[in-house]
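Reader: I would like a close look at one part of this protein. Please take one helix and the loop that comes after it.

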Amino acid sequence: MDQRLFDQQLHRAIDQLSANHRQSFILRYQEERTVAEIAAIIGCPEGTIKSRLHYALQQVSQYLEAWKTH
């Protein structure tokens, strides 16, 4: 798969996330922050961050899987 095309689709998937999920996803996977750091930055419990990351990963994965089959 062409890396540039994949990156474009990944950004589209991230853009479709809610603001809270997108923020958590970007801090964790693009800025490589820890869950504790993200919780401190956002000002919410670590459990909430973990939940948001789980949901965000699930949504991004589903988007990319659907894109891959087209």
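Which helices do the buried residues of H2 pack against?

Author: The buried residues of H2 pack against H1, H3 and helix H4 (46-68). In H2, those buried residues are His21, Ser24, Phe25 and Leu27.

A word on confidence. This is a predicted model. The protein averages a pLDDT of 93, and 97% of the residues score at least 70. Two of the partners of H2 mark the ends of the range among the elements: helix H1 (residues 3-15) has the lowest mean pLDDT, 91, and helix H3 (residues 35-42) the highest, 98.

Now the length of H2. The helix covers residues 19-30, which makes 12 residues. At 1.5 Å a residue, H2 should span 16 Å. Its end C-alpha atoms lie 15 Å apart, so the expected span and the model agree.

Next, the loop between H2 and H3. Glu32 is found there, and Thr34 is too. Glu32 follows H2 and has a positive phi, near 55°. Most residues other than glycine have a negative phi. Glu32 is a residue other than glycine with a positive value. Its relative accessible area is 64%, over the 50% cut-off, so Glu32 is exposed.

Thr34 has a relative accessibility of 39%. That value falls between 20% and 50%, so Thr34 counts as partly exposed. Thr34 and Glu46 are 12 residues apart along the chain. Their C-alpha atoms are separated by 9.8 Å.

Definitions and conventions. Residues are numbered from 1 along each chain as its sequence is written. This is a predicted model: local features need pLDDT of at least 70, side-chain atom pairs count only at pLDDT 80 or more; totals for chains, interfaces and linings use all residues. Side-chain values use heavy atoms; hydrogens and water are left out. pLDDT is the predictor's confidence in each residue, from 0 to 100. Helices (H or I, at least four residues) and strands (E, at least two) are DSSP runs, numbered from the N terminus. The expected span of a helix is 1.5 Å times one less than its number of residues. Buried means under 20% relative accessible area, exposed over 50%, partly exposed in between (1.4 Å probe, protein chains only). Contact means heavy atoms within 4.5 Å.
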